[in-house]
Amino acid sequence: MKIRYYQRIDNLRWIGFILAFIGVFILSDANITTQVYGWAVSILSCSIWVYIGYKDKDIARTCMELMYLIVAIRATINWL
């Protein structure tokens, strides 16, 4: 049972990493019209990392990602 749990979490880690990479790639572009999409992808990535940090009982990482998630939500709302 534990092996299946860790395989699912490992797959989620890869999805979170890929989404974080895509979000940073979009946000680092100088195109202002795509910034909202970069922040939206960052929200998805941070949500995954908050969940993983919570499941790992890593409070420091969870708080850090939660803070970034709140900032990403705020930035997305500001761009809309």
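This tour moves through a predicted model, one selection at a time.

**Whole chain**

Begin by colouring the protein chain by pLDDT. The mean pLDDT of the chain is 86, and 89% of its residues reach 70 or more. Next, select helix α1, residues 2-27, which has the lowest mean pLDDT among the elements of the chain, at 81. Helix α2 has the highest, at 92. A general caution applies here: where pLDDT is low, the predicted coordinates should not be read in detail.

**The largest nonpolar core**

Select L27, W39, I43, C46, V50, L69, A72 and A75; these eight residues make up the largest nonpolar core. Helix α2, spanning 35-55, and helix α3 each supply at least two residues of this core. Which helix gives the most to this core? It is α2, with four residues. A second core, separate from this one, has five residues, including L19, V41, W49 and I52.

**The cysteines C46 and C63**

Remain with C46, one of the residues of the largest core. Is C46 buried or exposed? C46 has a relative accessible area of 2% and therefore counts as buried, the limit being under 20%. Now select C63, which is partly exposed, with a relative accessible area of 46%. The structure holds zero disulfides.

**Tyrosine Y68**

Move to Y68, which is placed in helix α3. Its relative accessible area is 31%, so Y68 is partly exposed. Display the surroundings of Y68: leaving out residues up to four places away in sequence, Y68 touches L27, W39, S42 and C46. To see one of these pairs in detail, select the C-alpha atoms of Y68 and C46, which are 7.0 Å apart in space although the two residues are 22 residues apart in sequence.

**Threonine T76**

Follow helix α3, which covers residues 59-79, as far as T76. With a relative accessible area of 12%, T76 is buried. What does the side chain of T76 reach at 2.8 Å? It reaches the backbone oxygen of A72, and A72 is itself a member of the largest nonpolar core. Apart from neighbours within four places in sequence, T76 is in contact with V36, W39, A40 and I43. Two of these contacts, W39 and I43, also appear in the largest core.

**The salt bridges**

The last stop concerns charged residues. In general, side chains of opposite charge can pair when their charged atoms come close. The structure holds three salt bridges. Select R13 and D56 to view one of them, in which the closest N and O atoms are 2.8 Å apart. This pair links distant parts of the chain: R13 belongs to helix α1, while D56 lies in the loop between α2 and α3, 43 residues apart. R13 is partly exposed, at 22% relative accessible area, and D56 is likewise partly exposed, at 30%.

Add R61 to the selection. R61 forms a salt bridge with D56, where the closest N and O atoms are 2.9 Å apart. R61 also forms a salt bridge with D58, with a closest N to O separation of 3.1 Å. D58 is partly exposed, with a relative accessible area of 29%. Which residues do these shared partners join into one network? They are R13, D56, D58 and R61; displaying them together completes the tour.

Technical notes
Residues are numbered from 1 along each chain as its sequence is written. This is a predicted model: local features need pLDDT of at least 70, side-chain atom pairs count only at pLDDT 80 or more; totals for chains, interfaces and linings use all residues. Side-chain values use heavy atoms; hydrogens and water are left out. Buried means under 20% relative accessible area, exposed over 50%, partly exposed in between (1.4 Å probe, protein chains only). A polar contact is a pair of N or O atoms within 3.5 Å; within protein, one must be able to donate a hydrogen and the other to accept it, and residues adjacent in sequence count only if both atoms are side-chain atoms. Contact means heavy atoms within 4.5 Å. A nonpolar core is a set of buried Ala, Val, Leu, Ile, Met, Phe, Trp, Tyr and Cys residues joined through side-chain atoms within 4.5 Å. A disulfide is a pair of cysteine sulfur atoms within 2.5 Å. pLDDT is the predictor's confidence in each residue, from 0 to 100. A salt bridge is a side-chain nitrogen of Lys or Arg within 4 Å of a carboxyl oxygen of Asp or Glu.
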